[in-house]
Amino acid sequence: MSTAVHSIDELVDNFELLGDWESRFGYLIDLGKELPPMESADQCEANRVHGCQAQVWLKLVPEADGRITIIADSDAFIVKGLISVLLAVYSGKTAGEILATDGEAELARLDLASHLSPTRKNGLFAMVQRVRELAAGTEDMP
Amino acid sequence: MSGILSGIRDDFPALAQKINGHPLVYFDNAATAQKPRPVLEAIQRYYEHDNANVHRGIHELSNRATAAYEGARERVAQFINAPSTKDIIFTRGTTEAINLVAATWGVANLQEGDVILLTELEHHSNLVPWQLLAQRTGAVLRFIPVTGDEGTLDLSDLDALFRDVKLLSITHISNALGTINPVAELCAKARAVDAVTLVDAAQSAGHLPLDVQAIGCDFLSFSGHKLCGPTGIGALYARAALQEAMPPYQGGGEMIAKVAFQSSEFHVPPHKFEAGTPNIAGAVGLHAALDYLDDIGRENIHAHDTELASYAKDRLAEFDGIRIFGPAGDRGGLVSFVFENVHALDLATMADQQGVAIRIGHHCTQPLHDKLGVPATARASFYFYNTRAEVDRFIEVLQKVMKLLS
């Protein structure tokens, strides 16, 4: 279970079930707690995503079948929960699929934007941006 | 204390609301304070009755606007016991005030090798302008160290600290830790080596009685919005004698005496430093705020803030795994803290869900946080309208949030 990536549909369903935002934040925290930790060696400046109030590290691991596994971590639970949402949108896709995905539209299904502070929202979009950049980089590789 | 302040919350419309279904507990006063009705009404009244441009008009409204604006300058001078209204320059706030000093006095007076003495507690607004000035002039920055989590200054070797110092620029009360610095003592030391002094009073003006002559500083800056006034207005106290020799800050209308195509003569201080139409309504609101505070009494406000901070500190100490910052004794009205295994961001987000507003981050004191070895702290900061019951509610919310997060 700890390695499971949720589907975005599953997250949207659970959000709807939970109803109020206090429970939804509680759920994000739970998602954050079950996110597998990143190795400490990977928590380095090269993997740092700036623009978040908490520390965030993110890297893409291309698999043999062309799919990309996203590994990311943060020192804050809610941010780890948001990483879990990010993984639901992007992890396990090919670089082409990642670039073809409208991440903002997918995230909008959770209505997160209106409940995250503008700085937090920027942090989330900084992560989306980093995933897209890294994916574009792997696509360029021979 | 509830005696002098009972009923006072009714003056603040913003405090009466619910956030996420819970009564708002506003503990972010070090960032900005809420506004009482007399301030809101003064601004409204000014725009409804007296609005005109200042200084140049011959008509009645312009006379009234000028009287209101210059009246506010007089009120500011009195508020900090400045010898003359000429010593008061209106600015957008503390940040602009410090930038003004750096860009005028600093550029005209500092040379390569001159030392600008700051403390490790400084807000970025009392650090970055000096970094820019140092790059421009070749002056160097030196820092009075803090002792650790207590956040008091290490003044054990004053003579070494003050060697070659031309400017001392220090915060009166630390916005990050609540430390109250011995500004009068440090300004006296600076005077003894002929250094010019600036006190950043952003966190102290409106929180305790302030007397620039007793402090003995050359410059002092504060912001209106942190003491119940509007945003976009603040003041710089600058000794008139120093202003004479300072080049202008920005050019434009209001600051000139005579303009020709190729050159201009400048207005006398402080007008020389106020180019363009000033924030007249802001000055009117600031005037009302200073009146409001002095009706309460700044010594009462300080006693209240300190008492609440000390109560909050005691209640926070009930938590396991908490690290509380700031001095043990007298302190400004705020408490900063971190939990061992819980990020301040999670804490503040969940507290907001319960209606409690606190600030987290480095509070614009990144180098200080680097030194303390924490990327972010949580800060609860108080003002005279906050109550012990609110501190209790804050603690209750923290208990709930910690259960969820651990």
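What covers the buried residues of helix 2 of chain B? The cover includes helix 3 (60–79) and helix 10 (280–296) of chain B. This is a predicted model, in which local features need pLDDT of at least 70, side-chain atom pairs count only at pLDDT 80 or more, and totals for chains, interfaces and linings use all residues. Residues are numbered from 1 along each chain as its sequence is written, while chains are lettered from A and ligands numbered from 1 in the order in which they are written.

Helices (H or I, at least four residues) and strands (E, at least two) are DSSP runs, numbered from the N terminus. Helix 2 of chain B comprises 14 residues, 37–50. Its expected span, 1.5 Å times one less than its number of residues, is 20 Å; the end C-alpha atoms lie 19 Å apart, which agrees. Its buried residues (20 or more other C-beta atoms within 10 Å of their own, with C-beta atoms placed from the backbone) are Val39(B), Ala42(B), Tyr46(B) and Asp50(B). They lie on the same side of helix 2 of chain B, because they cover an arc of only 55° around the axis. The arc is that of the directions from the helix axis to the C-beta atoms. The face turned away from the buried side carries Glu41(B), Tyr47(B) and Glu48(B), which are exposed (12 or fewer such atoms).

Chain B also holds an open sheet of seven strands, in the order 4-10-9-8-7-5-6 and with mixed pairing. Two strands pair if DSSP finds at least two bridges between them. Strand 4 (88–91) and strand 6 (140–144) are the edge strands, each pairing on one side only. Neighbouring strands are turned by 20° against each other on average, direction ignored. Strand 7 (residues 165–171) and strand 8 (residues 196–200) run parallel and are joined by five bridges. Ile170(B) stands opposite Val199(B) in strand 8.

A hairpin of chain B joins strand 11 to strand 12 through four residues. Strand 11 (residues 256–259) and strand 12 (residues 264–266) run antiparallel, with three bridges. Val259(B) has Ser264(B) as its bridge partner.

Between the chains, 13 residues of chain A are in contact (C-beta atoms, placed from the backbone, within 7 Å) with 12 residues of chain B. Helix 2 (21–34) and helix 3 (77–90) of chain A each supply at least two residues of the side that touches chain B. Helix 2 of chain A gives the most, with five residues.

Methods:
Contact = placed C-beta atoms within 7 Å. Axes fitted to C-alpha atoms, helices over the stretch in contact; angles between N-to-C directions.
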